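Biologist: I would like to go through this structure with you and ask, for each label you attach, what value stands behind the word. Could you show me the structure, and then we can begin?

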2 protein chains.
Amino acid sequence: MRKIPSQARSKATIDTILSASTRVLLKRGYDKSSTNIIAEIAGVSVGSLYEYFPGKEAVFAEVRRREDRRLFELIMEHPEPASIKELLKLHVAVYLEFVRSNLALHVALISDVPQFAVTEQELPLYKNYIPWATKFLLTHREELRSFSDLSQVTEFVNRVSRATIDNYVLYAPEQLNDAQIEEYLIELLERFLLKREAVS
Amino acid sequence: MRKIPSQARSKATIDTILSASTRVLLKRGYDKSSTNIIAEIAGVSVGSLYEYFPGKEAVFAEVRRREDRRLFELIMEHPEPASIKELLKLHVAVYLEFVRSNLALHVALISDVPQFAVTEQELPLYKNYIPWATKFLLTHREELRSFSDLSQVTEFVNRVSRATIDNYVLYAPEQLNDAQIEEYLIELLERFLLKREAVS
DNA sequence: ATTAAAGCTGAGTGATCGCTCATATAATAG
DNA sequence: CTATTATATGAGCGATCACTCAGCTTTAAT
């Protein structure tokens with residue numbers, strides 16, 4: 001981002017560029033998504049694009065950042081879980097919902113767009129959600145097996161869910177349906193987290 | 001692949017091109033790895049490259065295929081597991097070994113090279129290993145919880161392991177060391193698979 | 001020794017790339 | 001109204017791209 005936009009007009013231009021980028025990415029793939037094409041589809045001049053983005057990579061980095069924000073907001077919309085099992089459902093089901101709600105873009109961002117210097121740590125999901133979920137586990141610690149580092153466990157659970165879902169969606173979309181993925185994953189994670197007596 | 005090489009000379013040329021491609025990928029990234037540069041680094045003319053590959057994508061698809069073969073061979077080298085826990089260790093530890101043995105290339109292939117039309121089904125890992133592992137589970141079925149489709153479970157276990165390891169290696173390399181990843185994953189999968197009494 | 005097939009060469013073509021900058025218009029401040 | 005700043009334009013530059021092809025060399029078969 002080269003200039004910070006101050007007027008509403010320029011913010012609209014940025015939005016136009018980003019939504020055009022998404023459309024171009026889906027239609028032509030990352031390789032063939034040039035700044036010239038993006039500007040043309042956006043109905044904006046190349047110069048304008050370079051006012052706000054140092055290049056193609058930065059444009060798609062922003063597209064990705066907005067998708068991440070969308071996931072975070074989707075999680076926040078949902079009611080607070082009342083039990084560990086519900087927390088896991090939140091993890092798994094909401095991520096599935098997120099992926100399905102814009103499947104083509106999600107797949108393209110993972111399989112086609114290079115993942116340059118993505119510092120997950122900055123994302124709202126990691127800054128806010130992981131600490132929150134860790135506290136939640138802490139209040140239910142009598143149901144849990146003993147772990148030396150709970151926030152590590154929260155992150156592990158989160159990564160297992162997302163990585164597995166992405167893997168199925170990308171490489172084996174026909175192998176399991178969403179309900180099956182959800183069932184397997186929740187069973188998997190519940191048995192990992194809970195004491196034997198507490199497993200339903 | 002345009003022509004099938006019949007002489008040893010041309011097979012050597014292909015090898016040279018592929019190893020040069022790997023070096024160029026690591027040094028310049030996928031975007032800036034042109035066929036011209038690859039040929040130059042390989043000490044071969046562009047024309048020769050196009051004799052055997054229809055383009056840049058095909059070159060890197062072959063690089064990926066060779067890495068997959070390397071993983072398969074690594075698995076085959078290891079002794080047969082004697083228990084389910086050992087099978088899980090085979091899953092997890094060997095994949096970690098594979099990833100670590102050529103980390104930079106693995107990361108580049110995942111995060112930088114677009115994953116065009118990879119049909120996992122054709123890979124030796126899926127054609128040979130999954131059926132084999134399923135049979136192994138079947139012979140130990142008295143230790144297992146009841147599952148309606150065991151080959152589905154084998155695949156699930158495999159995908160969870162690989163996706164999670166890739167995720168940590170790519171996005172959170174400092175978060176957990178290999179021993180911790182291995183410990184978490186094996187615990188996770190063992191509790192998922194085994195009856196309560198059988199969990200160590 | 002002759003010949004056909006296989007393998008290799010690299011200058012060159014047209015297309016496209018990322019990106020700049022001189023110029024113009026719109027919004028805001030004084 | 002005027003001056004200043006913010007925003008937008010797009011022709012065009014130099015670099016690089018993927019890819020071809022006509023001619024050359026090596027290998028293998030006879």
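Modeller: This is a predicted model, and A:Leu194 is where I would begin; A:Leu194 lies in the segment after α9 (178-193) of chain A.

Biologist: Why is A:Leu194 called partly exposed?

Modeller: A residue is buried if 20 or more other C-beta atoms lie within 10 Å of its own, and exposed if 12 or fewer do. A:Leu194 has 19 other C-beta atoms within 10 Å, and therefore A:Leu194 counts as partly exposed.

Biologist: Which residues is A:Leu194 in contact with, leaving aside its neighbours within four places in sequence?

Modeller: With that restriction, A:Leu194 is in contact with A:Ile84, A:Glu143, A:Leu144, A:Arg145 and A:Val199, where contact requires C-beta atoms within 7 Å. As for A:Arg162, which is 32 residues apart from A:Leu194 along the chain, the two C-alpha atoms are separated by 20 Å.

Biologist: What makes B:Arg70 buried, exposed or partly exposed?

Modeller: B:Arg70 is found in helix α4 (residues 56-77) of chain B, and the same kind of count applies, with 20 or more for buried and 12 or fewer for exposed. B:Arg70 has 13 other C-beta atoms within 10 Å, so B:Arg70 is partly exposed. B:Arg70 and B:Ser21 are 49 residues apart in sequence, and their C-alpha atoms are 17 Å apart in space.

Biologist: What are α1(A) and α4(A) to each other, roughly parallel or roughly perpendicular, and how do you know?

Modeller: The axes of α1(A) and of helix α4 (residues 56-77) of chain A come within 10 Å and cross at roughly 90 degrees. Angles of 65 to 115 degrees count as roughly perpendicular, and α1(A) and α4(A) are therefore roughly perpendicular to each other.

Biologist: Which residues of α1(A) and α4(A) meet?

Modeller: From α1(A) come A:Ile17, A:Leu18, A:Ser21 and A:Thr22, and they meet A:Val59, A:Phe60, A:Glu62, A:Val63 and A:Arg66 in α4(A). Sorted by class, this contact of α1(A) with α4(A) has five nonpolar, two polar and two charged residues.

Biologist: How many helices and strands does chain A have, and what is its pattern along the sequence?

Modeller: Chain A has nine helices and zero strands, and the pattern read along its sequence is α-α-α-α-α-α-α-α-α. The C-alpha trace of chain A spans about 65 × 40 × 25 Å along its principal axes, and 27% of its 200 residues count as buried. Among contacts in chain A between residues at least 6 apart in sequence, 64% join residues at least 24 apart.

Biologist: How is chain A divided into domains, and how far apart do their C-alpha centres lie?

Modeller: An automatic or database domain assignment gives the bounds, with domain 1 (1-54) and domain 2 (64-198) in chain A. The C-alpha centres of domain 1 of chain A and domain 2 of chain A lie 31 Å apart. Their contact takes six residues from domain 1 of chain A and six residues from domain 2 of chain A, and the side that domain 1 contributes has four nonpolar, two polar and no charged residues.

Biologist: How many residues does each chain give to the contact between chain A and chain B, and which helix of chain B supplies the largest share?

Modeller: The contact takes 25 residues from chain B and 25 residues from chain A. On the side of chain B, α8 (150-171) and α9 (178-193) each supply at least two residues, and the largest share, 10 residues, comes from α8(B). By class, the side of chain B that touches chain A has 11 nonpolar, five polar and nine charged residues.

Biologist: What makes a residue count as near DNA strand D, and which residues are the closest?

Modeller: A residue is near a strand if its C-beta atom lies within 6 Å of that strand. For DNA strand D, 25 residues surround the strand, and the closest are A:Ser45, A:Gly47, B:Ser34, B:Gly47 and B:Gly55. The largest share of the surface near DNA strand D, four residues, comes from α3(A), and the residues of this surface divide into six nonpolar, 13 polar and six charged.

Biologist: Which residues are the closest to DNA strand C, and which helix supplies the largest share of the surface near DNA strand C?

Modeller: Around DNA strand C there are 25 residues, the closest being A:Ser34, A:Gly47, A:Gly55, B:Ser45 and B:Gly47. The largest share of the surface near DNA strand C, four residues, comes from α3(B).

How values were computed. Residues numbered from 1 in each chain as written. Chains lettered and ligands numbered in written order. Predicted model: local features only at pLDDT ≥ 70, side-chain atom pairs only at ≥ 80, totals over all residues. Contact = placed C-beta atoms within 7 Å. Nonpolar A, V, L, I, M, F, W, Y, C, P; charged D, E, K, R; others polar. Axes fitted to C-alpha atoms, helices over the stretch in contact; angles between N-to-C directions. Parallel < 35°, antiparallel > 145°, perpendicular 65-115°, else oblique.
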